[in-house]
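Open the model in your viewer and keep the sequence panel beside it. This tour goes from stop to stop, telling you what to select and what is there.

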Amino acid sequence: MTTASDRPIPRVRPGSPPGAPPPELPPEEVAAWQARGGELIELLTRAAELGPLAAFTLGSRRTVLVTGPEQVQHVLAQHPQGYVKQSHRAGLLLGEGVIAASGERWKQQRRLLQSQFTSVGLRRWEQRITEAAARTERRWAECARTGEPTDVGADLQFFALDSIWRTLTGDPLDDATHRALDAMHEVAVHLSALTATAPADQEAVTAALARIDAVCARAIADARERAEGGDGLLRVFLEAARTGPRYTDRLIRDELVNLLVAGHETTAKTLSWLFLRLARHPDVRERVLDVCRDGSPERRREVVTALVNETMRLHPAVWLIPRHAAADDTIGGFRIEAGAHVLSSPYLTHRDPELWPGPEVFDPWRFIEPGRRPGQLGAFYPFGLGARACLGQQFAYREMLCVLELLLPAYDLDFQELPHSTFFGVVLHPVGPLRATVRRSRGSGAA
Ligand code: HEM
């Protein structure tokens, strides 16, 4: 676990001869960091001080950190063949789903899903998101009535999982399925610590995977029993299975798990950060609420979108995007060797004071007022960039705007305690529960 202050990231951009290796953190500094059991974000923050590209060697692994917008675009958007995803332990959970797949198989899988996540395709799923948001609203209404405190983080997590589950299956998320799907978190926790010599972990992972597989098998069987495969996204996979041999039940299970994994914790943690930020910045909250209560629908959408964006600038759920350099390359004159581990970090780029003046200030209006945000694509990329950018970006905005437009003007939260540190796991999240008492807002129109 790491705590990170909101300090800006200073930059030095050394001029170097073409073909030179990127500026490098001294090996003794890396060794000292290792010896004291430092956290990765500390090492990366130090490396980012060396410039938009910086290198260090960890064990025998050459690592290049990419934080400059042009360099990020080079790696993620312009040269996808040169910087590839590598399989890792999460493969046990994700199988051959779209997140982990590569080459022709990935292209085919992505193409099938893509049409479901465009703004036209999304219209089919909008009602599911609205129903999940209404369910969360009912829960908060009940908490406001009884005065019983709630775990805001858990409520938002449930909302995000309910939205994607309804989209996939057509059904609301029930308690048993919710509990079974908790196994996804168990696997994620164990996987990071899993070694060949940890049989206890292996057993726990095997048991958790079996629970996940059982939920997916049931969902697939239910969809098959319904006319035309039911009215969830699952029917798209069942149709693909009818017309070609690739979509076996195993691959359909993998795609289900991929969408569940990619599509709920990211959104849930972003929403948690957003409520936390509003609690820390009452001035911003008041300004936003004025618009939510009295602004036109267009203005409301503009301001809430800016609020989401500013939250993702400071707390991008996917804070680190790893790639493997498949061949020798040069970026901005610096040599990148084949085999290097290449890390792009939205977290560090989004806090670069040269791109984002006063980076530590939480100011959604920088996304609205002309000329206040940098124009380069690679300066703001919470959803990644290029061919492998987030498939669910529009879905995520739809979910977040839907639930926020419902909850923000209607409820005030009194947090018992505000977490002050950050866990830099696969997904960035605040450390500690977000327990709060929920109150109906004055002027929300409800008793
Ligand atoms: C705030 C919410 C979200 C954030 C910040 C986020 C972020 C990202 C990022 C950065 C990537 C690219 C990773 C890489 O290049 O290696 C990604 C990929 C992906 N995301 Fe999201 N995501 C979010 C929500 C969602 C949702 C709601 C879904 C599904 C409904 C989803 C599905 C996916 C999938 C399937 C991929 C893999 C795409 C591929 O490799 O072709 N994400 N996401």
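**Stop 1: the five-stranded sheet**

Start with an open sheet built from five strands, ordered E1-E2-E8-E5-E3, with mixed pairing. Now select its two edges, strand E1 (53-58) and strand E3 (83-84). Each has a single partner strand, so one side of each is left without a neighbour in the sheet. Keep in mind that you are looking at a predicted model.

Next, select E5 together with strand E8 (residues 341-344). The two pair in the antiparallel sense, over four bridges. Zoom in on His-324. Which residue of E8 stands opposite His-324? It is His-341.

Now add helix H2 (residues 40-48). H2 lies across E1, strand E2 (61-66) and E8. Relative to E1, helix H2 runs at about 140°.

**Stop 2: the ligand and its iron**

Select the ligand and find its iron atom. Which protein atom is the donor to the iron? It is SG of Cys-390, the single donor from the protein, at 2.3 Å. Follow the backbone at this point: Cys-390 sits in the loop between helix H16 (346-349) and helix H17 (393-407).

**Stop 3: the shell around the ligand**

Show the residues that surround the ligand; there are 27. The closest are Trp-106, Arg-110, Arg-323, Arg-388 and Cys-390.

Take the arginines in turn:

- Arg-110: a side-chain N or O atom is 2.8 Å from an oxygen atom of the ligand.
- Arg-323: here too, a side-chain N or O atom is 2.8 Å from a ligand oxygen atom.
- Arg-388: a polar side-chain atom lies 3.0 Å from an oxygen atom of the ligand.

Colour the shell by class. You should find 16 nonpolar, six polar and five charged residues.

Then colour by element. Helix H5 (103-114), helix H13 (249-280), strand E5 (321-325) and H17 each supply at least two residues of the shell. Which of them gives the largest share? H13 does, with five residues. Strand E5 links back to your first stop, as a member of the five-stranded sheet.

**Stop 4: the three-stranded sheet**

Finish at an open sheet of three strands, in the order E4-E12-E9, where the pairing is antiparallel. Strand E4 (150-151) and strand E9 (411-415) are the edge strands, each pairing on one side only.

Select E9 and strand E12 (residues 435-440). Five bridges join this antiparallel pair. Last selection: Leu-413, which stands opposite Val-438 in E12.

Technical notes: Residues are numbered from 1 along each chain as its sequence is written. This is a predicted model: local features need pLDDT of at least 70, side-chain atom pairs count only at pLDDT 80 or more; totals for chains, interfaces and linings use all residues. Side-chain values use heavy atoms; hydrogens and water are left out. Donors are N, O and S atoms within 2.8 Å of the metal (3.2 Å for Na, K and Ca); water is not among the atoms, so sites may look incomplete. A residue is near a molecule or strand if one of its heavy atoms lies within 4 Å of it. A polar contact is a pair of N or O atoms within 3.5 Å; within protein, one must be able to donate a hydrogen and the other to accept it, and residues adjacent in sequence count only if both atoms are side-chain atoms. Ala, Val, Leu, Ile, Met, Phe, Trp, Tyr, Cys and Pro count as nonpolar, Asp, Glu, Lys and Arg as charged, and the others, Gly among them, as polar. Two strands pair if DSSP finds at least two bridges between them. Contact means heavy atoms within 4.5 Å. Axes are lines fitted to C-alpha atoms, for helices over the stretch in contact, and angles run from 0 to 180 degrees between N-to-C directions.
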